[in-house]
Structures are given as C-alpha cells and as structure tokens.
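Pull the model up in your viewer and keep the sequence alongside. We'll start with one odd backbone spot, step back to the whole chain, and then walk through a few residues.

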Amino acid sequence: MPVPTIGVLALQGDVREHVHALEEAGAKAVTVRRPGELETVDALVVPGGESTTMWKLAVTFDMLEPVRARIAGGMPVYGSCAGMIMLADRIEDGAAGQQTFGGIDMTVRRNAFGRQVDSFEADLDFAGRGPLRAVFIRAPWVESVGSPVEVLARAEPGDRIVAVRQGPLLATSFHPELTGDAGVHSYFVEMVREF
C-alpha cells in the first residue's frame, strides 16, 4: 500500500491532534463523521474524549453499525483513551446501556486511574520499542484480556495493562497524540500497511 488514508472519527475528542500525528507518521489523515466518509478510508482512529458521549453521538450520526461492520470486515482501527473503551467487548463502570464498537476481547474499566485531577505522565516500554512518554487523562485500564490479545504496555500503579493489540485493532489508555512523539501512530501506520 502506498500512503494509507486513515480517518479520525470526528464526533468528539482530540481529533486535530490525531490528524497531525498521523501525518507525521506518513499517512494521509482525514476526518470522518458520516458512513459515506467511513467507506473511503483504509483505517480509522477513534480519539480520546468521553466514551458515553462518543457512543451517543455514534448513534445520532448513524456511525455505530457502520464502524462495527468495518471492524468485522478487518479494517484496522486504533483507539486512544475513550477510543480504547469504544473498542472493548466489555466495560466495567459503564453508563447504563452503554454500547461500544467492540472488536477487542478485553474488559476495560472506565476512569480507572482517577478523575481529571489525577492525570499523570509516565514513560512506558511500548511494544518493545523502548521508552515512550504517555499522558493519562481520566484514563481507563484493561482489567482482563482474552487469548487473542497481545499486551503491548503496562503502567504503574499496579502493573496495569494500558496498550493492547488484537489483529488489526490497537488500543491505548493514554494519549500519544499529546506528546509530540508519533511512535504509536507510526506503529499503527505500519499495521495498516500489513492489512
């Protein structure tokens, strides 16, 4: 694949920062709000934001089922923070009736690291690529994973799972788009080229 076209789901969250990081990583980045726009991309990023709001907007904009269908069809997707929650098959502490796109065999706990005032930064070993600066803002963590899921990073306190991959799907608890380091986005662009 030459230069992949990667969409950033632009319903809510830090869309602009992901667009910039994807371009730094060598992809063509576009915003996606409608099913017709989703059909034009090779892959998708689901940004951070607020997962219950994102779910409700995905329903309002008729994006829930189209994204689920593209995931089922093998489209690569990367979710950061709220995007991780949206890619989880199961949620702890979710809102009543909260739905996700799903796709990754994991249980994610919402706001697990605490509230906004508990936000922090840490250096992580991401996918064996050496230290990566990670920003955690009202971040989830992964409670458990199924056998097809590869754990890519853990963080303190408690050696919590904060980055995972299952086939063409990637998710992080943290916000790499806020650090100026395009390492996670480069990893995702490499994944997109594989599929």
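Where is the place of C81? Look in the loop between β4 (77-80) and α5 (82-87). Before going further, keep in mind that this is a predicted model. C81 has a positive phi of about 55 degrees, although it is not a glycine. Is C81 buried or exposed? The relative accessibility of C81 is 4%, so C81 counts as buried, the limit being under 20%.

There is another residue to set beside that one. D62 is found in the loop between α3 (51-60) and α4 (64-72). Phi of D62 is near 55 degrees, again a positive value in a residue other than glycine. The surroundings are another matter: D62 has 53% relative accessibility and therefore counts as exposed, for which the cut-off is over 50%. If you like checking backbone torsions, C81 and D62 are two to click on.

Now zoom out. The secondary structure of the chain comes to six helices and 12 strands. The radius of gyration of the chain is 15 Å, close to the 16 Å that the globule rule gives for 195 residues, so the chain is as compact as a globular protein of that length. Taken along the principal axes, the C-alpha atoms fill a box of roughly 40 × 40 × 35 Å. Of the 195 residues, 52% count as buried. As for how the chain folds back on itself, take the contacts between residues at least 6 apart in sequence: 65% of them join residues at least 24 apart.

On the outside, the chain exposes about 8,100 Å², and carbon and sulfur atoms supply 47% of that area. For the electrostatics, count 18 positive and 26 negative side chains, with the centres of the two sets lying 4 Å apart.

Next, follow the chain into helix α1 (residues 15-24), where H18 lies. H18 has 0% relative accessibility, which means that H18 counts as buried. What is H18 in contact with, leaving aside its neighbours within four places in sequence? The list is V8, V45, P47, G48, Y78, S80, E177 and H185. E17 has its place in α1 too, but E17 is partly exposed, with a relative accessible area of 24%. Beyond its neighbours within four places in sequence, E17 is in contact with E177 and L178. E177 therefore turns up in the contacts of H18 and of E17, contact being heavy atoms within 4.5 Å. Another pair to measure up in the viewer is E17 and H175: they are 158 residues apart in sequence, yet 9.7 Å apart in space, C-alpha to C-alpha.

One of the contacts of H18, H185, takes us to helix α6 (residues 183-194). At 1.5 Å a residue, the 12 residues of α6 should span 16 Å, and the end C-alpha atoms are 17 Å apart, which agrees. The buried residues in α6 include H185, Y187 and F188, as well as V184, V189, M191 and V192.

Y187 is a handy link to the next stop, L152, which lies in strand β10 (residues 150-155). L152 is buried, with a relative accessible area of 6%. Not counting residues up to four places away in sequence, L152 touches D125, F126, A127, A163, V164, R165, L170 and Y187. The C-alpha atoms of L152 and R129 are separated by 9.8 Å, with their positions 23 residues apart along the chain as the sequence separation.

Take A127 from that list. A127 sits in the loop between β7 (120-125) and β8 (131-136), and A127 is partly exposed, at 27% relative accessible area. A127 and L152 are 25 residues apart in sequence and 4.5 Å apart in space, C-alpha to C-alpha. Leaving aside neighbours within four places in sequence, A127 is in contact with L152 and Y187.

Finish with P148, found in the loop between β9 (141-145) and β10. P148 is partly exposed, with a relative accessible area of 44%. P148 touches D105, R165 and Q166, not counting residues up to four places away in sequence. R165 is also on the list of residues that L152 touches. Lastly, the C-alpha atoms of P148 and M106, 42 residues apart along the chain, are separated by 9.7 Å.

Terms used
Residues are numbered from 1 along each chain as its sequence is written. This is a predicted model: local features need pLDDT of at least 70, side-chain atom pairs count only at pLDDT 80 or more; totals for chains, interfaces and linings use all residues. Side-chain values use heavy atoms; hydrogens and water are left out. Helices (H or I, at least four residues) and strands (E, at least two) are DSSP runs, numbered from the N terminus. The radius of gyration is taken over C-alpha atoms; the globule rule is 2.2 Å times the number of residues to the power 0.38. Buried means under 20% relative accessible area, exposed over 50%, partly exposed in between (1.4 Å probe, protein chains only). Accessible areas come from the Shrake-Rupley method with a 1.4 Å probe; for residues, only the protein chains shown count as cover. Lys and Arg count as positive and Asp and Glu as negative; His and the chain ends are not counted. The place of a charge is taken as NZ of Lys, CZ of Arg, CG of Asp or CD of Glu. The expected span of a helix is 1.5 Å times one less than its number of residues.
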